[in-house]
Amino acid sequence: MSSPLIKVSNLTVSTSDDNRTLVNSVSFEIAPGEAVGVVGESGSGKTLTALSLLGLLPRGVQATAGSISYDGKDLLHTDSETLRSIRGNKIAMIYQDPMTALNPVMRLGAQLIEVIESHEGQSGDATERVLTAFSDVGIPDPKRAYESYPHEFSGGMRQRVMIAMALLLSPELLIADEPTTALDVTIQQQILALVMHERRKRNMSMLWITHDLGVVANLVDRVIVMYAGRIVEVGSVKDVFTNPQHPYTAGLLASLPKASDKNRTRLVSIPGIPPKPWTVGESCAFSARCTRADDQCRTTLPLLRENSSTQAACFHLMGEKR
Amino acid sequence: MTLAITDVTKKYKIRTTGAQVNALNGVTIVLPAKQTLGIVGESGCGKSTLARMITGLEQPTAGTVTWNNEEIFDKAKNMLSSKHSKIQLVFQDPYSSLNPRQKIGEALSEVLTVHKLVEKSAIPARIDELLTEVGISPDLAHRYPHQLSGGQRQRVSIARALASQPDLLVLDEPVSALDVSVRAEVMNLLIDLRERLGLTYIFISHDLSMIRHISDQIAVMYLGRIVESGSWDAVLENPRHPYTRALIAAMPDHTMVGNDLYEAPLAGEVPDPAAMPSGCAFHLRCPIAVPSCAVNIQNLREVEESHLIACQEVK
Amino acid sequence: MNKRLPSTVFFTRLASVITTLFGISIFVFIVLRVIPGDSITGSLGIETGALTPEQIESLRAYYGIDKSLFGQYFSWMGSFLTGDFGFAYSNGVSVLELTKSALPVTIQLALFGTIFGVILGISVGMFSASKPGSVRDFAGQFFGLLALAVPGFVLATTLVTVMANVFGYFPNGFEYMSPWEDPWMNFQQMMFPSLVLGIAVAAPVMRTTRSALLETVDKDFIRTAHGKGVKHRVVQFKHVLRNSLIPIVTMTGIQFGYLLGGAVITEKIFAMPGMGRQILDAINKREYATVQSSVMIFAIMFVLINLITDIIYRRIDPRIK
Amino acid sequence: MKEKTWFSYYLKSISGVIGGILVLVMFTISILSALGITPHDPLIQDPVNALQGPSAQYWFGTDQFGRDILSRCMDGMRRSMLVSVVAVSIATLVGVILGIVGGYFGKFLDGFVVRFSDVIFAFPAILLALAIVNSLGNSWIDTSLAIAVVYTPIFIRVARGPVLSVKEMDYVKAVRILGFSTPKVLFSHILPNVLPPIVIQVALSMSWAILTESGLSFLGLGTQPPDASLGLMVSEAQSLAAFAWWTLAFPSLFITIAVVGLNLVGDGLRDSLDPARRSS
């Protein structure tokens, strides 16, 4: 396996004031050109994990342990200038809410020029490159878009501007934090098609964060499932979706409606709600809701272990007799 | 008892620019009791406006909404006619559908007292009954909404709607704001309640996969019009209108792994309702559009038994 | 995306300004008509009793208070609009002349005060917002609170006492010099009053700046800016401050308008012959014509300033149609 | 778990506590003075000891007529508090009713309410109060009325804004569909949710009212001599302060403490009443 593009080890994120753990020693790698999906419900820590890569954690939360090695540097502990020079240049990010992710009082063209100037200083063909970037992502009238303000564009169009902005300096890794969740389903399909096309064209690695398993199934090579701040299962998309080993992954997939379902049929649901990550301690966070849980699950922390198809953090994998 | 929405139109005037917006353009629906109609459509299609018309929050610009042949909106008092609280609405956002300064028990008892449905002394028992019916333990009655999870709040909203003993529940995106696993539980609750209390539902959502699970009839809306409607089998098993087919194709499906689902997405965006395209509003994005589509208004016509579509190009 | 329609928006804005001004004129007229006495008893005081009925009648006609209220209003409005603001009975000088000399003083004072206050307010606001919750933040907020709580007249009185007696330097003791006559003296005379007014402006501007900065810093597009690799300093100015300007400009507009009123006390203490003093003297001498017209002029100034702030507001925030 | 009352959150905010103490002190002083419990009679002159500095007998020293400055400050504070409480309660009552009715029912009524408040907003507070007082007179009732008129539009705006947004909330739509009568919707669903900003505004307006009242009496349009008022005392101290600093220092201190206290109470209320700001 060629050396990974980026390697996250034991990443832990907690609140600054009362030191509550939100992400608990998460480790994973992304190979060059590989697309990895991170799936989980709200509060699972998936977004915080993604934000830590570029040091964009919100106020009141900080990375308290672990390391992120990229291009020979540890992004968690490097100086701010190095980190800045990577952001938007080598590693770029697109965000969930197109309505608030762009500066409302600055023209769209200027918001892209800024990316070029921050990394390359003044450059003659900057305007030209921005206009090309706009047309590459399918924005109908690049010149008018250049002069327009965010509020004059729809959610779908703004997300295209975000993608143009992220891909402007051809980054090696694109991090996407649920960019299509706030969009209509037909617009989401257009954005996903655009991202798939750009990813293949540039052989760019990608880290895709979402709660929508359907989106991930057709977009990424490998999937990470997170629950209450920890990784509970990792594996190829095919294995995780067709032969899930961790009871939570299996329960999640079972609770989703299928195209083949008849009407008026009940869904399989997982009773209860996910615990707060900092209340879990040395036990399996899913034990309270798991039909296969026993005392071992409630007292010891299960570690990720290899089996036939995926790695799962559980003592009684679905594949094993219970 | 049936719900009859006949040729309902709703026009809004945007204050700043004075532009005229047609949120609904002649929508007609007939829904017999105990049946569930699923209304699917993307933003701007008018499904939430329709929900406001059905619950009498607003008066239609033209057309009528009647339940049991009685007009919902009382023109004289310019508000919803009081004797019709048989129709209730459950909202999408669990965080704004309950009064933050009111305990959930009080929210239920308020409905019971206003409608004098139950003796004063029997109210506490009825509250416990309602809460248990929606899967909330009665000792949460003294809690405030911000002390409950999104799923629990949505259940309390349903309990409040049930408190006035309605016949018809309009559910406007009831589970869209919930997490995946919680969503399944609330959907099952809605399915159980319908069986137990013989309720009629209008289930509105942009998420076709949820609509599949609960509906008997389906109506697909685009820019204020119904473009395809009919029974579950007709519309979902044998979709004919190009927009419905595009919607179904765009649904992310976790069971089909790794194939290129996103090869042929529907092009273009929903036009600005203030500047409606002529003829069929979908013609700018439609893969099978012909010049005359931009001229003729497409009316719903029957293609097969209990299956209507509004498109001249589909035979 | 329809282009902004300046014409329709501008006319509705103009119409609302005109109705407000009309409302103000009625309000001013009513307020000054609820007088226990009237112009005669006001100006002659107790001797009115000695007047014969005919004399009273002719005086009533002279002051125009014999007509119905309605008639009085329209005659006042008619003359006001044509620039005839009536006469100051005590010295017979037309109010127009008085205002011509007094208005520039108040405007200059308000301008100096606002500029000083905005500079002070924004800098303390930014200083305080740079490290929320730190000692620096607490100090900034404490300054804001004191500037708000210490009344203008206390600050002015203290300043006068300290300057005149301890340092023996009190330019306001001399006769007021307009900027054309003696610019340097005028500047010295303007210094202390605008310092006092400036501090009154600095308090709300500081608070608005601080809260606007703290709010904007947590917005999504700031994270996007950092995520693009924009230098920290550039993010602070081009994104954070630029977006915080909107509430700051609004607050500055309001404060500049209020400063016109605040000047009443400061002009009295520092003996500045501005509009505030003109009204105060008119009230003490019961010169109703002067009071009425001067208050009306103040109100028009205030409405104009709001209009200007509104226009600037539209320039810096493209989202407003 | 016992559900936390509003007051327990209020005690968590430092500014709220400090402000509360200052305001309590000022209130007690006002009540004591109203009951006549002051070290000396504020009006009795003692020419022999005129303009004496703070001493055992006269803690805050004496003014130009030998009157005890502490007693006069207490009496002045009573007057300022009285005016501020009366003026702000009138303004709150009238303003909130107009604001809520205008905001909820809208159309013509709303237009009038907005136009009315725009008119009054066009006048700087002190100027309008000055114009009204000169028409009415200088008794504390007239001053209170003048200030009440000036602050009514502030309460109209503070009440009308939230009503417009709360009116659109789902839970208001829900109870309307449930067939609740308009008064019931207004009182049990809209009012409780628009109260916080109003309560905060009451504290802030009281601090401004004190500033305006003392401003008016400084200009000689409020309380008339020989009665005591903080503004008047500062005005009289203008010529004396050079050699008798206490004549200026103590009245100014009283005004500042009262205004600071009320502002801090306003901050404390803002921290405790707004659920989002409550530290979990």
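The exercises below work through the helix packing, sheets, domains and chain contacts of a predicted model.

Residues are numbered from 1 along each chain as its sequence is written, while chains are lettered from A and ligands numbered from 1 in the order in which they are written. In this predicted model local features need pLDDT of at least 70, side-chain atom pairs count only at pLDDT 80 or more, and totals for chains, interfaces and linings use all residues, with side-chain values taken from heavy atoms and with hydrogens and water left out.

**Exercise 1. Describe how helix 6 of chain C packs against helix 8 of chain C.**

Step 1. Helices (H or I, at least four residues) and strands (E, at least two) are DSSP runs numbered from the N terminus, and on that basis helix 6 of chain C covers residues 135–149 and helix 8 of chain C covers residues 183–217.

Step 2. The two helices pack at an angle of about 140°, with their axes 8 Å apart; axes are lines fitted to C-alpha atoms, for helices over the stretch in contact, and angles run from 0 to 180 degrees between N-to-C directions.

Step 3. Angles under 35 degrees count as roughly parallel, over 145 as roughly antiparallel, 65 to 115 as roughly perpendicular and the rest as oblique, and helix 6 of chain C and helix 8 of chain C are therefore oblique to each other.

Step 4. The crossing of helix 6 of chain C with helix 8 of chain C is left-handed, a term used if the near helix is turned anticlockwise from the far one by less than a right angle, with right-handed used if clockwise.

Step 5. On the side of helix 6 of chain C, the residues that meet helix 8 of chain C include Gly140(C), Gly144(C) and Leu148(C), and their counterparts in helix 8 of chain C include Ile199(C), Ala203(C) and Arg207(C); contact means heavy atoms within 4.5 Å.

Step 6. By class, this contact of helix 6 of chain C with helix 8 of chain C has seven nonpolar, three polar and three charged residues, where Ala, Val, Leu, Ile, Met, Phe, Trp, Tyr, Cys and Pro count as nonpolar, Asp, Glu, Lys and Arg as charged, and the others, Gly among them, as polar.

**Exercise 2. Repeat the analysis for helix 7 of chain C against helix 8 of chain C.**

Step 1. Helix 7 (residues 152–167) of chain C packs on helix 8 of chain C at an angle of about 145°, and their axes are 10 Å apart.

Step 2. Here the crossing of helix 7 of chain C and helix 8 of chain C is right-handed.

Step 3. Helix 7 of chain C contributes Gly152(C), Leu155(C), Ala156(C), Leu159(C) and Met163(C), which face Phe192(C), Leu195(C), Val196(C) and Ile199(C) of helix 8 of chain C; the residues of this contact divide into eight nonpolar, one polar and no charged.

**Exercise 3. Lay out the two open sheets of chain B.**

Step 1. The sheet of four strands has the order 2-1-4-5, with antiparallel pairing; strand 2 (20–32) and strand 5 (70–71) of chain B stand at the edges, each with a single partner strand, so one side of each has no neighbour in the sheet.

Step 2. Strand 1 (residues 2–13) and strand 4 (residues 62–67) of chain B run antiparallel and are joined by five bridges, and two strands pair if DSSP finds at least two bridges between them. Thr9(B) stands opposite Ala62(B) in strand 4 of chain B.

Step 3. Eight strands form the other sheet, in the order 8-9-10-3-11-12-14-13 with mixed pairing, and the twist averages 20° from one strand to the next.

Step 4. Strand 9 (residues 168–172) and strand 10 (residues 200–205) of chain B pair in the parallel sense over five bridges, and Asp172(B) has Ile204(B) in strand 10 of chain B as its bridge partner.

**Exercise 4. Set out the domains and the chain contacts.**

Step 1. Domain bounds come from an automatic or database domain assignment, which gives chain A domain 1 (6–220) and domain 2 (245–312), with 29 Å between their centres, taken over C-alpha atoms.

Step 2. Chain B is divided into domain 1 (2–86 + 166–309) and domain 2 (97–165), and their contact takes 16 residues from domain 1 of chain B and 12 residues from domain 2 of chain B.

Step 3. Of the five pairs of chains in contact, chains A and B share the most contacts, whereas no contact joins chain A and chain D, whose closest C-alpha atoms lie 11 Å apart.
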